[in-house]
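Here is a friendly walk through one protein model, taken a piece at a time. Keep the structure open beside the text as you read.

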Amino acid sequence: MPTYPASKSIAAIGGMVMNNCGGEKTLRYGQMRDFVNEIDVVLADGNEYTFGPISKEQLEAKMEQDNFEGEVYRKTFKLLDENYDLVKQAKPRTSKNSAGYALWEVWDKEEGVFDLSQLFVGSQGTLGILTDARVRLVKQPKHRRLATLFMKDWDKLPELVNDLLEVEPESLETFDDETMKLGLRFMPQIAQEAGENLLSFASQFTPELKIGMKMMGMPKLVVMAEFAEDDEDVMNEKLNKLPSIADAYDGVYLRIPKEGEGEKYWTMRRKSFSLLRESVGGKRTAPFIDDICVQPKDLPDVLPKVLEILEDEDIDVTLAGHAGSGNFHIIPLMDLTKEEEKEKIPRISKKVYKIIIEHGGTITAE
Ligand SMILES: Cc1cc2nc3c(=O)[nH]c(=O)nc-3n(C[C@H](O)[C@H](O)[C@H](O)COP(=O)(O)OP(=O)(O)OC[C@H]3O[C@@H](n4cnc5c(N)ncnc54)[C@H](O)[C@@H]3O)c2cc1C
């Protein structure tokens, strides 16, 4: 199930479907909606119904039913057919989106397919209660290897992301120094969750310490690019392209951890969101623009503008996210006991969302 979220240890299928979750493998495989075949849902009349893709003929038959289900089909079809172009044009141009109802996914006039299950995916439980879901799975690629790139600052992150995308990694993720610092602070708990003792877990970070010494400090950002292929030669070919990409940037250090050694980065990445909810330097994380998403090609324009807005308001931020999908969790650090800090939230949100929408993005990807 390649759509699993970073919160996979606490997520269940009902929430994953209703939240249209995505995660570290969405870059290659897509979001939850791409894997839902059919769902069973209890609707407002208290009855359970099955929804999935149906043909135009089946749709006609459903609409003729003199019951609640018939009414649901009649009303949604009318709405979608009468506003067909408007609805299709409203679809965000990003690879991920969890905002609003995905009306554009339901009625495909050209193919003659009507799929109400797509309306429920991502609907946050507002339309009915999911009782069952038939979903697709994918086969795990036979070979997999993680590459890590340590960045001294994040100025060139958008360009680096686009260069790495050319090599077609399976995942392209990132987390920042605040996550790392918190990771170090909470290492005993993280080691315990990874099922290892603290000493052996901590010793795995020796190569990173050496890189830190070379960089004369902690990297600002860790970028993780994982390559997964059935053919090992194809995977190695991709890995071989990485040194020249890293060399093209000042202050970027490449490390390809030994096989199996990459898990510590994944633990850190998956825990980044919950780690950052801890207090950082007396301030707390205030996640109000924390799930923005644009097409990766727009990152060089969008990311600096968003970070500048926060800088102008004198706000420190932490950054983690699904860089390859253009989806960033930018989390401001604020002291929300102060009135003037609270007032910044609507002001910043408005400016940031305007930039995102201008670029055909979404204010919440997952
Ligand atoms: C630390 C952290 C990291 C996260 N990382 C990611 C990530 O990488 N990607 C991502 O997509 N999301 C992420 N999330 C958000 C969320 O955890 C996931 O989307 C997850 O898939 C939701 O599943 P859940 O079981 O936790 O659902 P819940 O949070 O319980 O529910 C999610 C929504 O679905 C509804 N719902 C749940 N079950 C049903 C049901 N049976 N019928 C109808 N409605 C239902 C709820 O009402 C709610 O609106 C993260 C959250 C946290 C806290």
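## A helix across three strands

Let us start with helix α4, residues 68-82, which lies across β3, β4 and β5. Helix α4 runs at about 120° to β5. Please keep in mind that this is a predicted model.

The strands under discussion form an open sheet of 3 strands, in the order β3-β5-β4, with antiparallel pairing. At the edges stand β3 (53-55) and β4 (107-108). Each of these two has a single partner strand, so one side of each is left without a neighbour in the sheet.

## Pairing within the sheet

How is β3 joined to β5? The two strands run antiparallel, and 3 bridges link β3 to β5, which covers residues 113-115. If you would like one pair to look at, take I54, whose bridge partner in β5 is F114. As general background, strands of a sheet pair through backbone hydrogen bonds, either parallel or antiparallel.

Helix α3 (residues 56-64) also packs on this sheet, where it touches β3, β4 and β5. The direction of helix α3 makes about 95° with that of β3.

## Domains and their contact

Stepping back, the protein chain is divided into domain 1 (13-135), domain 2 (141-275) and domain 3 (281-366). The C-alpha centres of domain 1 and domain 3 are 30 Å apart. Each side brings residues to the contact between them: 14 from domain 1 and 14 from domain 3.

How much area is buried between domain 1 and domain 3? The value is about 1,100 Å², and carbon and sulfur atoms give 52% of that area. On the domain 1 side, the residues that lose the most area to domain 3 are R93, T94 and K96. Together these three account for 49% of what that side buries.

## Cysteines without a bridge

For anyone thinking about cysteine chemistry, the structure holds 0 disulfides. Why is C21 not bonded to C293? The C293 sulfur is the closest cysteine sulfur to that of C21, but the separation is 15 Å, which is too far for a bond. A disulfide would need the two sulfur atoms within 2.5 Å. Seen from the other end, C293 is in no disulfide either, and its nearest cysteine sulfur is that of C21.

Are these two cysteines buried or exposed? C21 is buried, with a relative accessible area of 5%. C293 counts as buried too, at 1% relative accessibility. The cut-off behind both calls is a relative accessible area under 20%.

Key:
Residues are numbered from 1 along each chain as its sequence is written. This is a predicted model: local features need pLDDT of at least 70, side-chain atom pairs count only at pLDDT 80 or more; totals for chains, interfaces and linings use all residues. Side-chain values use heavy atoms; hydrogens and water are left out. Buried means under 20% relative accessible area, exposed over 50%, partly exposed in between (1.4 Å probe, protein chains only). Two strands pair if DSSP finds at least two bridges between them. Helices (H or I, at least four residues) and strands (E, at least two) are DSSP runs, numbered from the N terminus. Contact means heavy atoms within 4.5 Å. Axes are lines fitted to C-alpha atoms, for helices over the stretch in contact, and angles run from 0 to 180 degrees between N-to-C directions. Domain bounds come from an automatic or database domain assignment. Buried area is the accessible area (1.4 Å probe) that two parts lose on being put together, summed over both.
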